[in-house]
Amino acid sequence: MANQERDATLIDLRTCLFFEFQRWRHYGDEPDEEAEPYIRSLVSKIRERVSAADA
C-alpha cells in the first residue's frame, strides 16, 4: 500500500499520507525534493475529496 501511490478513495489518500509521514519521521529527516510534490499532491487531493463531500 505504502509504495503503490493509490488514490482511489479518501481512505487511500489518507493512508498514503500517513505512511509518508511515518517514513520521514522514522528517518528523522525532512521530505526531500522528490517526496515533497507527492506529499503536497496528496494533501491537495484530500482537500478536494473533503470539499466535494461537504457540497
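# Two helices and what lies between them

Me: What is the relative accessible area of Leu17, a partly exposed residue?
Reply: Leu17 counts as partly exposed, so its value must lie between the 20% limit for buried and the 50% limit for exposed. The model is predicted, and in it Leu17 is found in helix H1. The relative accessible area of Leu17 is 25%.

Me: Which residues does Leu17 touch, not counting residues up to four places away in sequence?
Reply: Leu17 belongs to helix H1, while helix H2 spans residues 35–54. Leaving out residues up to four places away in sequence, Leu17 touches Ile39, Leu42, Val43 and Ile46.

Me: How many Å apart in space are Leu17 and Val43, C-alpha to C-alpha?
Reply: Val43 is one of the residues that Leu17 touches. In sequence the two are 26 residues apart. From C-alpha to C-alpha, Leu17 and Val43 are separated by 7.6 Å.

Me: How many helices and how many strands are in the chain?
Reply: One helix, H1, covers residues 10–27. Another, H2, covers residues 35–54. For the chain, the count is 2 helices and 0 strands.

Me: Which helix do the buried residues of H1 pack against?
Reply: In H1, the buried residues are Asp12, Leu13, Cys16, Glu20 and Trp24. They lie on the same side of H1, because the arc they cover around the axis is only 100 degrees. On the other side of H1, Ile11, Phe21, Arg25 and His26 are exposed. The helix that the buried residues of H1 pack against is H2.

Me: Is Glu20 buried or exposed?
Reply: Glu20 is found in helix H1 and touches Ala35, Tyr38, Ile39 and Leu42, with residues up to four places away in sequence left out. Its relative accessible area is 6%. The limit for a buried residue is under 20%, so Glu20 is buried.

Me: What arc do the buried residues of H2, Ala35, Tyr38, Ile39, Leu42 and Ile46, cover around the axis?
Reply: Ala35, Tyr38, Ile39, Leu42 and Ile46 are buried in H2. They sit on the same side of H2, because they cover an arc of only 100 degrees.

Me: Which residues are exposed on the other side of H2?
Reply: What covers the buried residues of H2 includes H1. On the other side of H2, the exposed residues are Arg40, Arg47, Glu48, Ala52 and Asp54.

Me: Which helix supplies the largest share of the largest nonpolar core?
Reply: The largest nonpolar core has 5 residues: Leu13, Cys16, Tyr38, Leu42 and Ile46. H1 and H2 each supply at least two residues of this core. The largest share, 3 residues, comes from H2.

Me: How far does H2 reach from its first C-alpha to its last?
Reply: H2 has 20 residues, and the span expected at 1.5 Å a residue is 28 Å. The reach of H2 in the model is close to that, at 29 Å.

Me: How far does H1 reach from its first C-alpha to its last?
Reply: H1 has 18 residues, for which 26 Å is expected at 1.5 Å a residue. Just after H1, Gly28 takes a positive phi of about 75 degrees. From its first C-alpha to its last, H1 reaches 26 Å.

Me: Is the aromatic pair of Phe18 and Phe19 stacked, tilted or edge-to-face?
Reply: The count of aromatic pairs comes to 1. Its members, Phe18 and Phe19, lie 5.9 Å apart centre to centre, with 65 degrees between the planes. Planes over 60 degrees apart define one class, so the pair is edge-to-face.

Me: At what relative accessibility does Phe18 count as partly exposed?
Reply: Phe18 lies in helix H1, and its C-alpha is 10.0 Å from that of Ile39. Its partner Phe19 counts as partly exposed at 33% relative accessibility. Phe18 also counts as partly exposed, and its relative accessibility is 46%.

Me: What percentage of the residues of the chain count as buried?
Reply: The chain exposes about 4400 Å², and carbon and sulfur atoms supply 51% of it. Among contacts with a separation of 6 or more, 43% are between residues 24 or more positions apart. Of the 55 residues of the chain, the share that counts as buried is 18%.

Definitions and conventions. Residues numbered from 1 in each chain as written. Predicted model: local features only at pLDDT ≥ 70, side-chain atom pairs only at ≥ 80, totals over all residues. Heavy atoms only, no water. Phe/Tyr/Trp six-rings, centres within 6.5 Å; stacked < 30°, edge-to-face > 60°. Buried < 20%, exposed > 50% of the residue type's maximum accessible area, 1.4 Å probe, protein only. Helix = DSSP H or I, 4+ residues; strand = E, 2+ residues; numbered from the N terminus. Contact = heavy atoms within 4.5 Å. Expected span 1.5 Å × (residues − 1). Arc of directions from axis to C-beta. Core = buried A, V, L, I, M, F, W, Y, C linked by side-chain atoms within 4.5 Å. Areas by Shrake-Rupley, 256 points an atom, 1.4 Å probe, with all protein chains shown as cover.
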